[in-house]
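Colleague: I'd like to learn how to read salt bridges and helix packing in a model. Can you walk me through it with an example?

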Amino acid sequence: MVDVMGRTPEEFEEMLNAQIAEAERRAAAMDEFVTTLESARVTGFDSRREVEVEISQEGTMTRVSIDDEALEGSTSDLEEAIMEAYSDAGKNMSRFRREQGDRQFGGGDSAMGEFVDQISSRLEQLGR
């Protein structure tokens with residue numbers, strides 16, 4: 001009988017099939033992660049909760065909602081409130097990405113964890 005890496009051909013085939021199944025499981029988890037992130041929308045608020053901003057996973061502002069009270073102040077106050085809400089939305093998206101990454105990949109020091117952290121840190125800089 002021929003040994004393959006110290007195993008019988010049947011043992012080697014079983015090991016190889018297990019590795020293939022694990023790779024397929026990881027690929028499915030990655031697909032789910034990407035789909036979740038692509039459709040993600042989160043909101044953020046200013047400190048007075050008069051302005052709400054929604055952003056996409058890329059950090060693009062997709063919606064702004066302004067209460068009447070916010071319109072009673074100066075233009076610069078309104079601009080500041082919008083930027084504050086935008087920054088809050090970026091932090092919320094960063095948190096969402098980390099939570100999704102931890103849920104899908106178990107967090108830790110994996111390459112995927114590092115990737116999620118890198119993207120998340122960029123989102124935290126929005127509106128600054």
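Modeller: Sure, and keep in mind that this is a predicted model. Let's begin with Arg48, which forms a salt bridge with Glu50, their closest N and O atoms lying 3.2 Å apart.

Colleague: Is Arg48 buried or exposed, and is Glu50 buried or exposed?

Modeller: Arg48 is exposed, at 52% relative accessible area, while Glu50 is buried, at 15%.

Colleague: Which residues do shared salt-bridge partners join into one network?

Modeller: Glu22, Arg25 and Arg26. The side chains of Arg25 and Glu22 meet at 2.6 Å, N to O, and those of Arg26 and Glu22 at 3.1 Å.

Colleague: How many residues separate Arg25 from Glu22, and Arg26 from Glu22?

Modeller: Arg25 and Glu22 are 3 residues apart in helix α1, so about one helical turn lies between them. For Arg26 and Glu22 the spacing is 4 residues, again about one helical turn. As for exposure, Arg25 is partly exposed at 47%, Glu22 is partly exposed at 30%, and Arg26 is exposed at 54%.

Colleague: Now the packing: what describes two packed helices?

Modeller: The angle between their axes and the distance between those axes. Here α1 (residues 9-38) and α3 (residues 75-105) pack at about 165°, with axes 10 Å apart. Angles over 145 degrees count as roughly antiparallel, so α1 and α3 are roughly antiparallel. Their crossing is right-handed.

Colleague: Which residues meet in the contact of α1 with α3?

Modeller: From α1, they include Phe33 and Leu37, and from α3, Phe96 and Phe105 are among them. The contact residues divide into 6 nonpolar, 4 polar and 3 charged.

How values were computed
Residues are numbered from 1 along each chain as its sequence is written. This is a predicted model: local features need pLDDT of at least 70, side-chain atom pairs count only at pLDDT 80 or more; totals for chains, interfaces and linings use all residues. Side-chain values use heavy atoms; hydrogens and water are left out. Axes are lines fitted to C-alpha atoms, for helices over the stretch in contact, and angles run from 0 to 180 degrees between N-to-C directions. Helices (H or I, at least four residues) and strands (E, at least two) are DSSP runs, numbered from the N terminus. Angles under 35 degrees count as roughly parallel, over 145 as roughly antiparallel, 65 to 115 as roughly perpendicular and the rest as oblique. A crossing is left-handed if the near helix is turned anticlockwise from the far one by less than a right angle, and right-handed if clockwise. Contact means heavy atoms within 4.5 Å. Ala, Val, Leu, Ile, Met, Phe, Trp, Tyr, Cys and Pro count as nonpolar, Asp, Glu, Lys and Arg as charged, and the others, Gly among them, as polar. A salt bridge is a side-chain nitrogen of Lys or Arg within 4 Å of a carboxyl oxygen of Asp or Glu. Buried means under 20% relative accessible area, exposed over 50%, partly exposed in between (1.4 Å probe, protein chains only).
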